[in-house]
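The following exercises concern cysteine pairing, burial and side-chain contacts in a protein structure. Each task is followed by a solution in steps.

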Amino acid sequence: MNGRVDTAQLAAWMCECSRLIDVHIDTLNDLDATGGDADHGSNLERGFTAATASGFSEKMTSPRELLKHVGSTIVDIVGGSSGAVYGTFFLRMALASGELKWVDGATFAQMLRAGGQGIIDRGGAQVGDKTLYDSLAPAIAALDNALVAGETLASALQMAAEAAEAGRDSTVALAARKGRASYLGDRTIGYADAGATSMALVLRAAATTLI
Amino acid sequence: MKKFLNDPAHAVTDYLVGLAAAHPTIVKFDAAHRIIVRAADPRTGKVGLIAGGGSGCEPLHTGFVGHGMLDAACPGEIFTSPVPKQIVAATRAADQGSGVLHVIKNFSGEVMNFGMATELLAFEGIAIDSVLIDDDVSIPDMPGTAGRRGLGATVLVEKIAGAAAERGDDLASVTCIARRVNARTRTFGVGLSSCTPPLRGKPIYDLPDDEIEIGIGISGEPGRERVAMRNVQEIARTMIAEVLADLRPTPGAALLVMVNGMGATPLSELYVLYGECDQALRSAGLNPVRSLVGNYVTSLDQAGAALTILELDDEMTVLWDAPVRTSSITWGALA
């Protein structure tokens with residue numbers, strides 16, 4: 001199988017998520033202002049910063065341990081639907097990694113799919129509801145397809161990040177059907193979903209670190 | 001931004017410290033778990049009631065902890081639901097051996113975090129039931145959506161179910177009356193301004209002087225629609241029409257009418273609005289017999305108000321009138 005992802009790389013992924021969210025914090029907050037209360041960036045930044053505090057990965061010996069730490073820290077710190085949904089996403093990825101010390105591309109793709117299922121279980125989102133799942137679902141499919149087609153993990157993750165960004169852009173034309181933004185109905189049309197935007201950053205971070 | 005703040009990141013903790021300092025005989029701040037609990041334990045065997053939600057809506061819920069209402073409240077960050085850890089700690093604190101009712105407003109984050117907490121609590125043998133508050137008529141009640149928000153009905157449920165628990169009702173009965181109150185309550189809110197979350201430092205959106213947001217919630221997000229400003233009579237008429245069309249009360253029904261301020265509207269204006277509502281309801285052949293006017297479910301410094309109407313029955317009325325001692329609602333003599 002192409003490529004392998006170990007605990008150190010996953011730690012680098014989490015640090016890159018934290019950095020990207022920090023860079024885009026105002027964009028995420030402003031997108032959230034169109035349908036929510038303008039704090040999506042600040043809330044995620046608080047969670048990822050706590051999850052990736054200096055030395056956080058030193059004693060982590062498996063993907064499961066590391067992702068469980070990130071997921072439970074986000075659940076404990078972030079609150080709101082972002083905390084529950086992102087926390088569940090990483091906790092389900094952790095579970096799906098089993099006891100492996102490192103995972104291959106196919107396993108990572110399964111983990112991502114398990115994380116996506118966690119989001120569905122927690123919040124009931126489907127594609128088209130204008131949520132973070134609109135970025136994640138096409139990324140999961142793109143990763144699977146690319147690996148099956150024999151792409152390297154690096155290029156498959158690149159395609160997944162691009163699919164996530166296209167998914168993010170697809171939310172501009174949608175009216176929100178889940179979460180706080182759904183209370184505004186058609187008034188959310190014309191703006192990308194804040195959650196879909198942060199999820200696209202998470203997948204972009206994966207493409208630059210898990211190679 | 002001009003606000004009474006230290007570090008905006010500590011705005012919630014600082015307010016909880018002050019709340020407990022101001023009302024030491026009513027509440028305690030459990031800083032380790034970041035929850036507000038009653039200063040004195042209720043009698044053994046009382047069904048516990050807890051609620052939680054984003055801060056910024058004060059006095060909801062922390063101001064309603066005390067005799068006759070809640071046993072504990074879990075305040076989240078500003079406009080962000082609490083985390084499962086807080087809900088677990090509040091449930092443990094509220095349990096006197098007869099179970100705990102979770103009062104959950106229908107916001108995605110709140111529902112998900114209470115859901116995660118309930119999964120964790122399943123290991124502990126505490127009987128838990130829940131009531132989902134969804135009284136906001138500004139949102140169509142359709143399958144496949146997040147559903148209606150929980151707004152003013154939350155206060156009425158906490159008061160009436162809290163009184164039921166205080167008189168010794170069991171968990172099933174307390175849950176039942178809580179659901180009955182929610183089922184017979186509707187709310188519609190109107191915003192005259194945006195609000196400024198401390199960490200953001202500026203209003204969430206711009207609202208011109210001659211426009212208002214109708215169909216607002218309690219987290220500073222825009223409403224269902226932006227319309228031209230109109231006079232108070234017309235606003236009252238809109239609110240009443242929205243609420244009554246959905247509530248469909250029995251002709252002549254006894255009503256509890258709540259005119260709730262969003263935080264920055266003077267009490268005098270709320271009474272102007274109440275007067276208009278009261279008159280219009282009586283003209284419609286209805287009978288407002290109880291009222292609550294003031295800032296009870298707010299959105300920081302937003303100007304505006306929400307109308308909440310509950311169609312009362314005799315038991316609800318008795319429980320509404322029962323003695324209560326919280327930092328924000330207090331009446332009747334305690335036994």
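**Exercise 1.** In this predicted model, determine how far the sulfur of Cys57(B) is from the closest cysteine sulfur, and decide whether the distance suits a bond.

*Solution.*
Step 1. The closest cysteine sulfur to that of Cys57(B) belongs to Cys195(B), at 9.0 Å.
Step 2. A disulfide requires the two sulfur atoms to lie within 2.5 Å.
Step 3. The separation of 9.0 Å is therefore too far for a bond between Cys57(B) and Cys195(B).
Step 4. Over all chains, the count under this rule is 0 disulfides.

**Exercise 2.** Classify Cys57(B) and Cys176(B) as buried, partly exposed or exposed.

*Solution.*
Step 1. Residues under 20% relative accessible area are buried, and those over 50% are exposed.
Step 2. Cys57(B) has a value of 4% and is therefore buried.
Step 3. Cys176(B) has a value of 44% and is therefore partly exposed.

**Exercise 3.** Describe the surroundings of Lys46(B): where does this residue lie in chain B, is it buried or exposed, and which side chain does its own side chain meet in a polar contact?

*Solution.*
Step 1. Lys46(B) is located in the loop that links strand S2 (35-38) to strand S3 (48-55) of chain B.
Step 2. With a relative accessible area of 1%, Lys46(B) is buried.
Step 3. The side chain of Lys46(B) forms a polar contact of 2.8 Å with the side chain of Asp71(B).
Step 4. Leaving aside residues up to four places away in sequence, Lys46(B) touches Arg38(B), Asp71(B), Gln96(B), Ser98(B), Ala165(B) and Glu166(B).

Conventions: Residues numbered from 1 in each chain as written. Chains lettered and ligands numbered in written order. Predicted model: local features only at pLDDT ≥ 70, side-chain atom pairs only at ≥ 80, totals over all residues. Heavy atoms only, no water. Buried < 20%, exposed > 50% of the residue type's maximum accessible area, 1.4 Å probe, protein only. Helix = DSSP H or I, 4+ residues; strand = E, 2+ residues; numbered from the N terminus. Polar contact = N/O pair within 3.5 Å; in protein donor to acceptor, adjacent residues only side chain to side chain. Contact = heavy atoms within 4.5 Å.
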